[in-house]
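I opened a new notebook page for this structure. My plan is to look up the ring pairs, then a single residue, then the chain as a whole.

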Amino acid sequence: DIDRRDAARKIFDEAASAHGPTLTWSETTDESIIGAFVQQALYADLLVLGQRNPSDPNAGDVPADFAEAVVMTSGKPALVIPYAAPTDRIGDNVVIAWKASRESARAVSASLPFLRTAAQVHIVSWGEPERVAVAGQALDLAEYLKLHGVKTTWHREPGEPAEVGELLLSRAFDLDADLLVMGCYGHSRTRELLLGGATRTILQSMTLPVLMAH
């Protein structure tokens with residue numbers, strides 16, 4: 001829609017004219033919005049995406065699975081902003097949803113600039129600590145972050161509940177978190193996404209910004 005595009009461009013131009021980082025405007029000329037965006041995402045350090053608002057009459061302009069498709073396909077970390085929650089502060093009080101996996105590790109690495117300046121960093125995990133077959137002192141997430149100057153508080157929960165996504169959002173609320181860091185689980189096959197239950201729940205019901213990576 002040309003009118004909505006022009007309105008968005010006006011907002012962008014106003015932001016670009018203010019003091020701050022240099023901003024540039026780009027727009028896709030291909031009907032494959034996700035494909036074009038993913039191609040450009042390859043040259044970014046961090047993507048900033050918006051959660052889709054299903055009640056927005058203009059939401060039909062963007063594919064329903066846009067955010068998850070971009071994260072899963074590009075391999076780049078993304079900060080996903082919820083449409084309903086206030087975002088006047090991001091990164092003062094961070095919760096890391098930790099699972100000893102590639103996805104979680106990539107999300108934590110991408111979030112280091114936030115973690116280094118955060119007032120509080122909480123680690124939430126379920127189940128027993130991972131067992132490692134190494135001699136001497138083995139590293140864990142708390143020690144890794146300590147090497148980066150990040151102090152953490154670890155909250156270990158017994159077992160892994162079936163509805164871990166809802167429970168994770170509840171824990172983040174209880175801890176007054178303003179940023180959730182987590183892995184994005186699943187795999188994609190040409191516009192067909194198969195997401196883990198917790199990932200889908202978070203993307204659909206997020207109440208705070210989420211930094212995720214696949």
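**Aromatic pairs.** I am working with a predicted model. I looked up the aromatic pairs and found a count of 2. To describe each pair, I note the distance of the ring centres and the angle of the planes.

I took Phe12 and Trp25 to begin with. Their ring centres lie 5.3 Å apart and their planes meet at 65°, so I entered the pair as edge-to-face; the angle needed for that is over 60 degrees. Next I checked where the two residues sit. Phe12 is in helix α1, residues 2-17, while Trp25 is in the loop between α1 and α2 (33-41), so the pair ties together parts that are 13 residues apart in sequence. I also looked up the accessibility of Trp25. The value is 27%, so Trp25 counts as partly exposed.

I then turned to Phe37 and Phe66. The centres of these rings are 5.2 Å apart with the planes at 70°, so this pair is edge-to-face too. Phe37 belongs to helix α2 and Phe66 to helix α3 (residues 66-74); they are 29 residues apart, and the pair links distant parts of the chain.

Is Phe66 buried or exposed? I read a relative accessibility of 13%, so Phe66 counts as buried; the cut-off is under 20%. Its partner Phe37 has a relative accessible area of 32%, so I wrote Phe37 down as partly exposed.

**One residue in α7.** I looked up Thr201 and found it in helix α7, which covers residues 197-205. Its relative accessible area is 16%, so Thr201 is buried. Which residues does Thr201 touch, leaving aside those up to four places away in sequence? I listed Gly165, Glu166 and Met206.

**The chain as a whole.** I counted 7 helices and 9 strands in the secondary structure. For 214 residues, a compact globule would have a radius of gyration near 17 Å; I found 18 Å for the chain, which agrees. The C-alpha atoms fill a box of roughly 60 × 40 × 30 Å along the principal axes.

Buried residues come to 36% of the 214. I looked at contacts between residues at least 6 apart in sequence, and 78% of them join residues at least 24 apart.

For the surface, I noted about 12600 Å² exposed, with 52% of it supplied by carbon and sulfur atoms. My last entry is on charge: the chain has 19 positive and 28 negative charges, and their mean positions are 5 Å apart.

Note on methods: Residues numbered from 1 in each chain as written. Predicted model: local features only at pLDDT ≥ 70, side-chain atom pairs only at ≥ 80, totals over all residues. Heavy atoms only, no water. Helix = DSSP H or I, 4+ residues; strand = E, 2+ residues; numbered from the N terminus. Rg over C-alpha atoms; globule rule 2.2 N^0.38 Å. Buried < 20%, exposed > 50% of the residue type's maximum accessible area, 1.4 Å probe, protein only. Contact = heavy atoms within 4.5 Å. Areas by Shrake-Rupley, 256 points an atom, 1.4 Å probe, with all protein chains shown as cover. Lys, Arg positive; Asp, Glu negative; His and termini not counted. Charge placed at Lys NZ, Arg CZ, Asp CG, Glu CD. Phe/Tyr/Trp six-rings, centres within 6.5 Å; stacked < 30°, edge-to-face > 60°.
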